[in-house]
Amino acid sequence: MTDEPTARPAHREHDAPAAGTDVRERGADIADRDDRIGGPSAPAGAATATAEAPASVVPGGYRAHEASIDFSSQLGTVATQDEAELLTINMGPHHPATHGVLRLLTTLEGEVVRDVKPIVGYLHTGIEKTCEDKAYWKAIPLVERMDYLAYYFNAMAYCGAVEDLLECEVPKRAQYLRVIHLELNRIMSHLVWLGTTALDIGAMSILWYSFRERETILDLFEYSSGQRMHTRYFQIGGVAEDIPGGWEQSLRRFVREMPKRLDQYSAMLTRNEIFLSRMKHTGVAPAATLQAKGVTGPLLRAAGVPWDLRKAMPYSSYDDFDFQVPVGTEGDNYDRYLVRMAEMRESVRIIEQAIDGLPEGPWITTDRKVALPPRHELATSMEALIHHFKLVTEGMRVPAGEAYHAIEGPRGELGCFVRSDGSSKPARVHMRDSSFINLQALEDMCRGGYIADMIATLACLDPLLGGIDR
Amino acid sequence: MEVIRHGAGSTAPTTNAPADDPFGALTGSDPDAFRVRQQRARDLLRGELEGDDLEAYVRESIVTTTLDKAVKWAQGNSIFPLTFGLACCSIEMISLVGARMDISRFGSEAMRGTPRQADLIILAGRVSMKMAPIVRRVYDQMLEPKYAIAMGACSSSMGVFNNYSVVPADKFMPVDVHVPGCPPRPEAVVYGILKLRRMIQDDPTMAWRDRYRAHGTEEWARSTGEEPDIVALSRELAATTAARNAGDDRDGTGA
């Protein structure tokens with residue numbers, strides 16, 4: 001969003017913009033600046049996630065660019081009663097209930113939300129651009145850090161796209177190991193969602209319970225890969241290592257325990273009266289609207305559309321497993337909660353089947369142009385040494401072409417587009433991040449509701465700013 | 001009838017128990033000694049302790065300190081962090097308050113939603129060019145004394161990204177403690193907070209104002225009366241500390 005390689009930031013100044021000012025009050029001098037710099041203000045009805053003019057045209061650099069962003073024309077389009085008094089407030093980017101550095105320009109009439117404009121880009125990290133400067137397998141740690149609660153999914157989407165380009169066959173054992181880790185990651189992501197959502201609407205104790213189970217899952221990740229987060233376990237062509245001894249027992253213990261824990265959470269929340277009054281019939285959006293905006297994942301399924309890429313376009317042997325796709329009926333926040341709770345149960349079922357049917361065999365492809373040879377071969381085989389050297393220094397060469405690999409992430413369709421020019425570095429890496437697309441529907445969900453319901457709706461939307469801004 | 005509970009950690013005796021063995025009373029390791037102390041405390045309250053006994057009792061049970069040290073002790077044990085997550089590290093920061101790490105053991109569990117109530121800002125994640133002015137503003141809104149921890153590689157040194165959009169925190173605000181890792185384990189962050197606590201309690205000049213040579217930049221609420229000469233005071237403090245360090249007088253008596 002704010003790609004501005006030429007403009008030097010003036011971040012040493014003290015007069016940081018935004019954060020808690022009434023935008024309408026500042027409208028006048030913002031308009032003046034617009035005249036001075038000649039930058040056109042955003043047209044009415046522009047895209048919700050606001051795209052901004054490049055900063056390089058602004059003489060004052062970053063700070064002037066930041067101050068020159070004008071939303072007044074967009075705010076004028078809010079439909080309301082004639083005598084109503086509108087108040088535009090700014091939520092974020094530092095707000096405890098925005099799940100990251102999301103900024104919401106909210107127009108209120110009393111307590112009723114008339115308009116919401118999400119402003120993104122506060123966590124823009126330039127990951128996609130940086131990937132273009134890395135060898136294919138060294139871009140995996142970077143893409144993992146996009147949606148930081150779904151690191152296995154990011155790696156899976158990227159590795160899948162590169163494998164499509166390479167036409168590389170992934171061994172069955174690696175596919176099953178991937179499924180196990182993906183589903184563990186899905187449970188972990190939903191647990192963090194559950195804890196923070198409950199916290200946002202005032203049920204504090206759930207956070208401790210859900211983070212207890214999250215720690216158990218992170219222990220499993222650490223056991224198999226050595227890291228708690230951003231494990232870099234998935235490798236192009238398979239997984240980096242076989243699971244260590246004893247891991248299976250730990251996983252089985254978790255699989256035994258988890259349904260009971262989910263019962264505990266349900267006992268605390270599902271019929272809790274406060275929880276019900278905050279969640280039921282709030283944030284409703286019809287399925288047609290969601291589909292028109294490209295919303296996927298639990299949000300769409302809660303509205304009654306059984307769209308799940310694990311069923312629709314099975315990847316990584318998902319068609320081997322027996323699981324169901326939970327759907328809601330009304331599409332309110334309560335349905336979103338129920339769908340995610342049911343998804344965790346289904347994930348446990350998938351893990352159970354995968355660990356029962358885990359096939360023997362290699363865990364990474366034997367194609368020496370793609371995967372590193374085993375360590376012991378380096379001492380005996382000259383060819384292995386050459387392959388090792390080529391891979392470590394230059395990396396693998398990928399045939400020219402384009403690939404888009406979509407998987408079902410915890411927040412919806414997570415797709416990775418990779419374009420190769422035949423060299424050892426990707427020419428373009430782009431993620432279709434589900435949070436970014438889903439955020440477009442926030443306005444439809446919140447308009448006409450109370451501002452307190454907006455907090456619950458935003459929490460149930462489960463946006464991850466790392467994925468949105470990248 | 002008197003009941004003495006043995007082995008209970010919270011068996012607090014009556015106030016002003018003599019401190020022959022200050023930990024024995026709490027752990028209940030020696031019931032007899034505890035009983036003796038209890039008797040003497042009772043005698044004191046009745047006014048039956050006189051002369052040398054009274055002198056010894058007072059000497060054992062009263063701790064003298066300076067107000068400054070007492071305040072620092074309290075500050076170090078009740079650091080209120082700001083609820084402020086940026087990226088991946090913020091999830092690990094949340095798990096600090098979780099059951100396993102339980103940061104409330106060190107008095108830092110009270111996450112504040114507004115910078116005006118917080119003592120500590122944990123920069124949990126990458127700070128982008130667009131976010132840096134806002135982070136700086138949030139930091140400026142915090143009241144003195146305030147501390148900052150740069151959690152993770154990104155906010156310390158731009159980490160794996162190291163590109164056009166990420167700014168290390170040191171470029172735009174002072175940082176007291178850097179916690180390395182990508183993301184750091186919660187244990188590492190606890191260690192960072194304990195480091196900060198030591199910094200607050202032991203030697204206030206170890207903090208960033210010394211490192212950045214920024215004495216005199218403190219902001220205080222305006223009072224109606226005579227305002228102290230902050231610059232002179234902080235210079236004096238720095239000089240005192242330097243003299244103390246030079247003389248290797250580490251027992252805390254000052255110059």
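The exercises below, each with a worked solution, concern a predicted model with a chain A and a chain B.

**Exercise 1. The two chains**

Describe the make-up of chain A and of chain B in terms of helices, strands and buried residues.

Solution. Begin with chain A, whose secondary structure comes to 20 helices and eight strands. Buried residues make up 49% of its 470 residues, and among contacts in chain A between residues at least 6 apart in sequence, 71% join residues at least 24 apart. Turn next to chain B, which has ten helices and three strands, arranged along the sequence in the pattern α-α-α-α-α-β-α-β-α-β-α-α-α. Of the 255 residues in chain B, 34% count as buried, and 67% of the contacts in chain B between residues at least 6 apart in sequence join residues at least 24 apart.

**Exercise 2. Where the chains meet**

Work out how many residues each chain brings to the contact, and which helix of chain B gives the most to its side.

Solution. The contact takes 40 residues from chain A and 37 residues from chain B. On the side of chain B that touches chain A, helix 5 (88-94) and helix 6 (132-141) of chain B each supply at least two residues. Helix 6 of chain B gives the most to that side, with seven residues. Sorted by class, the residues of chain B on that side are 21 nonpolar, eight polar and eight charged.

**Exercise 3. Two pairs of helices**

Decide from the packing angle whether helix 7 and helix 14 of chain A are roughly parallel or roughly antiparallel, and do the same for helix 4 and helix 8 of chain B.

Solution. For the first pair, helix 7 (residues 172-200) and helix 14 (residues 333-356) of chain A pack at an angle of about 155°, with their axes 9 Å apart. Angles over 145 degrees count as roughly antiparallel, and therefore helix 7 and helix 14 of chain A are roughly antiparallel to each other. Their crossing is left-handed. The residues that make this contact include Tyr176(A), Val179(A) and Trp193(A) of helix 7 of chain A, and Arg340(A), Met344(A) and Ile355(A) of helix 14 of chain A. By class, the contact of these two helices has eleven nonpolar, two polar and four charged residues.

For the second pair, helix 4 (residues 67-76) and helix 8 (residues 186-201) of chain B pack at an angle of about 165°, with their axes 8 Å apart. Helix 4 and helix 8 of chain B are therefore also roughly antiparallel to each other, while their crossing is right-handed. Here Lys72(B), Trp73(B), Gln75(B) and Gly76(B) in helix 4 of chain B meet Arg197(B), Ile200(B) and Gln201(B) in helix 8 of chain B. This contact has two nonpolar, three polar and two charged residues.

**Exercise 4. The largest nonpolar core**

Find which helix gives the most residues to the largest nonpolar core, and list the contacts of Val143(A).

Solution. The largest nonpolar core has 166 residues, and those with the most contacts inside it include Val143(A), Tyr158(A), Ile121(B) and Met151(B). Helix 7 of chain A gives the most to this core, with 14 residues. Leaving aside its neighbours within four places in sequence, Val143(A) is in contact with Ile127(A), Cys131(A), Asn154(A), Ala155(A), Tyr158(A), Val429(A) and Met431(A).

**Exercise 5. Loops and backbone angles**

Classify Glu167(A), Asp462(A) and Pro171(A) as buried, partly exposed or exposed, and say what marks the backbone at Glu167(A), Asp462(A) and Pro183(B).

Solution. Most residues other than glycine have a negative phi, and most peptide bonds are trans. Glu167(A), in the loop between helix 6 and helix 7 of chain A, has a phi near 50°, a positive value in a residue other than glycine. It counts as exposed because it has 9 C-beta neighbours inside 10 Å. Asp462(A) also has a positive phi, of about 55°, and lies in the loop between helix 19 (451-461) and helix 20 (465-469) of chain A. With 26 C-beta neighbours inside 10 Å, Asp462(A) counts as buried.

Pro171(A) lies in the loop between helix 6 (151-166) and helix 7 of chain A, and with 18 C-beta neighbours inside 10 Å it counts as partly exposed. Not counting residues up to four places away in sequence, Pro171(A) touches Gly238(A), Gly361(A), Pro362(A), Trp363(A), Ile364(A) and Thr365(A).

In chain B, Pro183(B) is found in the loop between strand 3 (177-179) and helix 8, and the peptide bond from Cys182(B) to Pro183(B) is cis, with omega near -15°.

How values were computed: Residues are numbered from 1 along each chain as its sequence is written. Chains are lettered from A and ligands numbered from 1 in the order in which they are written. This is a predicted model: local features need pLDDT of at least 70, side-chain atom pairs count only at pLDDT 80 or more; totals for chains, interfaces and linings use all residues. Axes are lines fitted to C-alpha atoms, for helices over the stretch in contact, and angles run from 0 to 180 degrees between N-to-C directions. Helices (H or I, at least four residues) and strands (E, at least two) are DSSP runs, numbered from the N terminus. Angles under 35 degrees count as roughly parallel, over 145 as roughly antiparallel, 65 to 115 as roughly perpendicular and the rest as oblique. A crossing is left-handed if the near helix is turned anticlockwise from the far one by less than a right angle, and right-handed if clockwise. Two residues are in contact if their C-beta atoms, placed from the backbone, lie within 7 Å. Ala, Val, Leu, Ile, Met, Phe, Trp, Tyr, Cys and Pro count as nonpolar, Asp, Glu, Lys and Arg as charged, and the others, Gly among them, as polar. A nonpolar core is a set of buried Ala, Val, Leu, Ile, Met, Phe, Trp, Tyr and Cys residues joined through C-beta atoms within 7 Å. A residue is buried if 20 or more other C-beta atoms lie within 10 Å of its own, exposed if 12 or fewer, and partly exposed in between; C-beta atoms are placed from the backbone.
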